[in-house]
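Reader: Could you take me through one helix pairing up close, and then through the charged pairs and the cysteines? I'd like the geometry along with who touches whom.

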Amino acid sequence: GTIAQLMAAPSSLDVPLAQTWPPQLDGTTARIITRIVVHSDTPALIPLISRQVLTQSNADIIRVGLEALLPLTQRGDQVIAAIACDQLAHADSMVRMAAYDLLRVTGCADQLTVVGEGLGDPDPRVRQQAARALAAYGRPGLALAKKQLSAPRPEIVDTAITVIGLVRTKYASNLLFDYLAPSYKQLSQTRKWQQQIPTDAPGWEPLKVAIVDYHERLIQRVLYVLSALGYARTVNSVNRLLVTPNQHELENAIEVLASLNHRRFVLPLIPLFEERIANEPSRLQASPQWFRAKGYRLLLEALESKDRWIRTGALIALSRVPSVHINDPDPFVKQIASQIFGAIDPSTPPVNTAMNRLLLLKKVALFKNLSLDELLLIDKSLEQTQVLAGETIFTEGEWEAHLYIIAEGTVQLVKAIDNVPRELNQLSQGQYFGEVALFDDAPRWDSAVALEDCTLFKLEKNRFLSLVTQRPHIILEICRFLTQRLRETDRHRSALAASVEKTESTNGNPLPS
């Protein structure tokens, strides 16, 4: 009877009526009330939502109830802002998203800090909704987001960038450029170091990798900023072109970036792109003279970097410095250096297990586009195992869900064809196998046997899925790599088919239609 009364004349509802309803309604009744409120456009019905619908235990009903309040919400509505704030701690992400959407419309100044806390929500969808809400506050929201640009958690920094980009003002654009300015300054320094590092110094390899990694991370950071500024579709297209080996497509990507209205964000990166096209390796040679003239200064400068990987690479290179003095032409200096540092074999790179594993992962084709930070997460999920020569790693038809990376040794992949085992491939250090198990719930379609004593890194499927929840970007990069490999395979097959067709035609035996 009450519902009929609401439907007949919602505008004449006596608000205290909501207080006379039972404290707990069934889900069906709560949904009916929500529909009535949605179609009534009557603010007097808001208490029905807050007291009868939002007290339900069903998260979906609560979300729909919050969404029903949206068309009834006005700027500065403290009542609805309070209702929304009460739901920000709800366990369901969709409920929190609906609550932040209400706060976006209310824009109450006293809720600014509460909205800002949403930038650290564990769910990326909620963070994006909180970003839209904070951007609606204008300058006050920008001020709060600016503070979060130095947050220790990268997801908070990314969401703060989104907030600033959504504002779409020159002031907001300047904030983002100022945020990147220290990185641009570091870029100028790292490029100089990169040109000074010799090619024949294995102990400097970690520093070289760290510098390239820094450059790639900066490119992605700038592209993320451009995406936040409204160039998401362009950035997606450019990202695909940047990983292609085709020089013409890479030049097109650079041209597209340089033509954007916010080209000032891209201009500092142009030298990096040009280096990709030129691809000219350093010809410097390591020598005592080079160490004294450039090496020491380079290391001291790199050790002052704020980037953890550049400092790590510099520390490893620093461990090679004593070898220069052990070979000093002055016999007394050589004697003292030998007594202090002991015998050092300059042909052997410094032992650094953690970094060596990352360098190995960096060479794995499947992970080549991932940053060192992302590889560190993968490394923490790896299990090291030893396999003796002749030992079977897994068997065709077996249910086994691991990706394997070869750290040392050689592995043979075998498949039974007409009940006869036939070799498919031989793999060595830095190569991987069994990757299909990460994406498919099916038994192994081939077997793997160790031809030599092997050290393998295993990544179990559940650990991989857990890893992806921490960094969804990883799965996107891996899928991009696999897609690229499929395209290369298709091009190879097309070229092979064309070659066969041409051969058959030349021989006067056209292929059957």
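Author: In this predicted model, the axes of helix α9 (residues 139–148) and helix α11 (residues 170–196) come within 11 Å and cross at roughly 5°. Angles under 35 degrees count as roughly parallel, so α9 is roughly parallel to α11. On the α9 side, the residues that make the contact are Arg 139, Leu 142 and Lys 146; they meet Tyr 171, Ala 172 and Leu 175 in α11. Sort that contact by class and you get 4 nonpolar residues, 2 charged ones and no polar ones.

Now for the charged pairs. Side chains of opposite charge can pair when their charged atoms come close. The structure holds 16 salt bridges, and a few are worth zooming in on.

Start with a local one. Asp 101 forms a salt bridge with Arg 104, with 2.8 Å between the closest N and O atoms. Both residues sit in helix α6 (residues 93–106), 3 residues apart, which is about one turn of the helix. Buried means under 20% relative accessible area, so Asp 101, at 19%, counts as buried. Its partner Arg 104 is partly exposed, at 30%.

Arg 125 and Asp 123 also meet through their side chains in a salt bridge, at 2.9 Å from N to O. Here Arg 125 is partly exposed at 44% relative accessibility, while Asp 123 is buried at 12%.

Next comes a pair that reaches across the sequence. The side chains of Arg 217 and Asp 307 form a salt bridge at 2.8 Å, N to O. Arg 217 belongs to helix α12 (residues 205–242) and Asp 307 to the loop between α15 (288–303) and α16 (308–318), so this pair ties together parts that are 90 residues apart in sequence. Arg 217 is partly exposed, with a relative accessible area of 22%, and Asp 307 is buried, with 10%. The pair has company, too: salt bridges with shared partners join Asp 213, Arg 217, Asp 307 and Lys 362 into one network.

And the cysteines? The structure holds 0 disulfides. Cys 85 is in none, and the nearest cysteine sulfur to its own, that of Cys 108, is 8.3 Å away. A disulfide needs a pair of cysteine sulfur atoms within 2.5 Å, so that distance doesn't qualify. Cys 108 is likewise in no disulfide, with the sulfur of Cys 85 as its nearest. At 3% relative accessibility, Cys 108 counts as buried.

Key: Residues are numbered from 1 along each chain as its sequence is written. This is a predicted model: local features need pLDDT of at least 70, side-chain atom pairs count only at pLDDT 80 or more; totals for chains, interfaces and linings use all residues. Side-chain values use heavy atoms; hydrogens and water are left out. Buried means under 20% relative accessible area, exposed over 50%, partly exposed in between (1.4 Å probe, protein chains only). Axes are lines fitted to C-alpha atoms, for helices over the stretch in contact, and angles run from 0 to 180 degrees between N-to-C directions. Helices (H or I, at least four residues) and strands (E, at least two) are DSSP runs, numbered from the N terminus. Angles under 35 degrees count as roughly parallel, over 145 as roughly antiparallel, 65 to 115 as roughly perpendicular and the rest as oblique. Contact means heavy atoms within 4.5 Å. Ala, Val, Leu, Ile, Met, Phe, Trp, Tyr, Cys and Pro count as nonpolar, Asp, Glu, Lys and Arg as charged, and the others, Gly among them, as polar. A salt bridge is a side-chain nitrogen of Lys or Arg within 4 Å of a carboxyl oxygen of Asp or Glu.
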